[in-house]
Amino acid sequence: MRARTVYIVITAVILIGAAVWCAYVMKPKSGKTVVISQDGKVLYHIDLDSEKDKTIDVEYDGRKNIIEIKGGRIHMKSADCPDHICIDTGWLEDGKPIVCLPNRLVIEYEDGDIDGTAR
Amino acid sequence: MDTKKLTHLGLLTCLALIIFIVELRIPDIVPIPGVKLGLANIVTVYCVYNYRPGETAMMLYSRILLGALFSGNLMALWYSIAGGTLCFIGMEILKNFIREDNMWFLSIAGAVCHNIGQIAVAMLVLKSTSVIAYLPFLMISGCIAGLFTGLCTQMVCKRLKRTRKVS
């Protein structure tokens, strides 16, 4: 019976730790610079505040992703990967990047506010 | 290995595959890559307690390989292999300390190990560390899914013992 208590406590600690981490990740980002990178290489640096509405096509291995910027927000408009998780993620809002695993594409806010304050 | 054991392992692989294929039909609830119930883990946890590590490994890898072939998603194979391996190693070590009536905890530990493996591969594939932001979400879902599959395994084991006594 004692062992069970220990296990419940460990599980609770993992859960609480993960929840705190989640909250940290989901904190809205203050920076407005978005980085689009593929296969570890940075493709675009985009300042969402000054960027006009447009779509960006990114190709990988014959497959295509279309990223849309609209009203200072960014999301994956379409992708021909099998799972479409990147589209379901919706608009980029917090530290949770938009990821297209099959096409190795990552859209995320740039780390730190160095860029923001310098401007 | 005798024929009886081989047959048992074959049947277990088959069972795990069926569960895996059925689970593919369940639509994704949250748009986070890698979140799933992992029902096939029921069979893995059962094997960890009832078979030797080598035998469990054979069952696990046959299932992962065939599962990836059947689902036609070979990209997911690497995530499954990395997650599965970490989960398997973690569970094999922990089963020496965790008694059978606390199987649910072993399952949770395995699920969290699986998540860490998945994210590690995702970081390698994307050559970017930013996906680690998904780890806490996966860990929460892993705890819930692990608890569920672990409790399932416990019930299966209880019932199997009862039938064995009768027959």
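Select Lys127(B) to begin: this residue of the predicted model sits in the loop between α5 and α6 of chain B. Its phi is near 50°, a positive value in a residue other than glycine. Most residues other than glycine have a negative phi. Now display the side chains of Asp39(A) and Arg104(A) together with that of Lys127(B): the three are linked in a network of salt bridges.

**The turn at Asp39(A)**

Centre the view on Asp39(A), which lies in the loop between β1 and β2 of chain A. Asp39(A) also has a positive phi, near 55°, although the residue is not glycine. Is Asp39(A) buried or exposed? Its relative accessible area is 17%, and it is classed as buried because the cut-off is under 20%. The turn belongs to a hairpin formed by β1(A) and β2(A), with 2 residues between the strands.

**Strand β1 of chain A and its partners**

Next, select residues 33-38 of chain A, which make up strand β1. All 6 of the 6 residues are buried, so the strand is largely enclosed by the rest of the structure. In a regular strand the side chains alternate between the two faces of the sheet. Colour the two faces of β1(A) separately: Thr33(A), Val35(A) and Ser37(A) lie on one side, while Val34(A), Ile36(A) and Gln38(A) lie on the other. Both faces are covered.

Add residues 41-47 of chain A, strand β2, to the selection; β1(A) pairs with this strand in the antiparallel sense over 6 bridges. To find the register, look at Ile36(A), which stands opposite Tyr44(A) in β2(A).

Then add residues 105-109 of chain A, strand β7. The pairing of β1(A) with β7(A) is likewise antiparallel, here over 5 bridges. Ser37(A) stands opposite Val106(A) in this pairing.

Step back to the whole of chain A. Its elements number 3 helices and 7 strands, and along the sequence they follow the pattern α-β-β-β-β-β-α-β-β-α. Of the 119 residues in the chain, 39% are buried.

**Helix α2 of chain B**

Move to chain B and select residues 41-50, helix α2. How many of the 10 residues of this helix are buried? The count is 9, so the helix is largely enclosed by the rest of the structure. The buried residues are Asn41(B), Ile42(B), Val43(B), Thr44(B), Val45(B), Tyr46(B), Cys47(B), Val48(B) and Tyr49(B).

**Salt bridges within chain B**

Over all chains there are 9 salt bridges. Select Arg52(B) and Glu55(B), whose side chains form one of them, with N and O 3.3 Å apart. The two partners contrast in their surroundings: Glu55(B) is buried, at 4% relative accessibility, whereas Arg52(B) is exposed, at 55%.

Continue to Arg99(B) and Asp101(B), another salt-bridged pair with an N to O distance of 3.3 Å. Arg99(B) is exposed, at 60% relative accessibility, and Asp101(B) is partly exposed, at 33%.

Between these two in the sequence, select Glu100(B), then add Lys161(B). They form a salt bridge in which the closest N and O atoms are 3.0 Å apart. This pair links distant parts of the chain, 61 residues apart: Lys161(B) belongs to helix α6 (residues 135-166), and Glu100(B) to the loop between α4 (75-94) and α5 (103-126). Both residues are partly exposed, with Lys161(B) at 45% relative accessibility and Glu100(B) at 32%.

**The surface of helix α6 and a last distance**

Remain at helix α6 of chain B and select Lys158(B), which is found there. Lys158(B) is exposed, at 55% relative accessibility. Which residues form a positive surface patch with Lys158(B)? They are Arg159(B), Arg162(B) and Lys165(B). An α-helix has 3.6 residues a turn, so residues three or four places apart point the same way.

Finish at Lys5(B), in helix α1 (residues 3-24) of chain B. Lys5(B) is partly exposed, with a relative accessibility of 26%. Draw a distance from its C-alpha atom to that of Ala145(B): the separation is 29 Å, for residues 140 places apart along the chain.

How values were computed: Residues numbered from 1 in each chain as written. Chains lettered and ligands numbered in written order. Predicted model: local features only at pLDDT ≥ 70, side-chain atom pairs only at ≥ 80, totals over all residues. Heavy atoms only, no water. Salt bridge = Lys/Arg side-chain N within 4 Å of Asp/Glu carboxyl O. Buried < 20%, exposed > 50% of the residue type's maximum accessible area, 1.4 Å probe, protein only. Helix = DSSP H or I, 4+ residues; strand = E, 2+ residues; numbered from the N terminus. Pairing = 2+ DSSP bridges. Patch = residues over 30% accessible without salt bridge, like charges linked within 9 Å, V, L, I, M, F, W, Y side chains within 5 Å. Areas by Shrake-Rupley, 256 points an atom, 1.4 Å probe, with all protein chains shown as cover. Lys, Arg positive; Asp, Glu negative; His and termini not counted. Charge placed at Lys NZ, Arg CZ, Asp CG, Glu CD.
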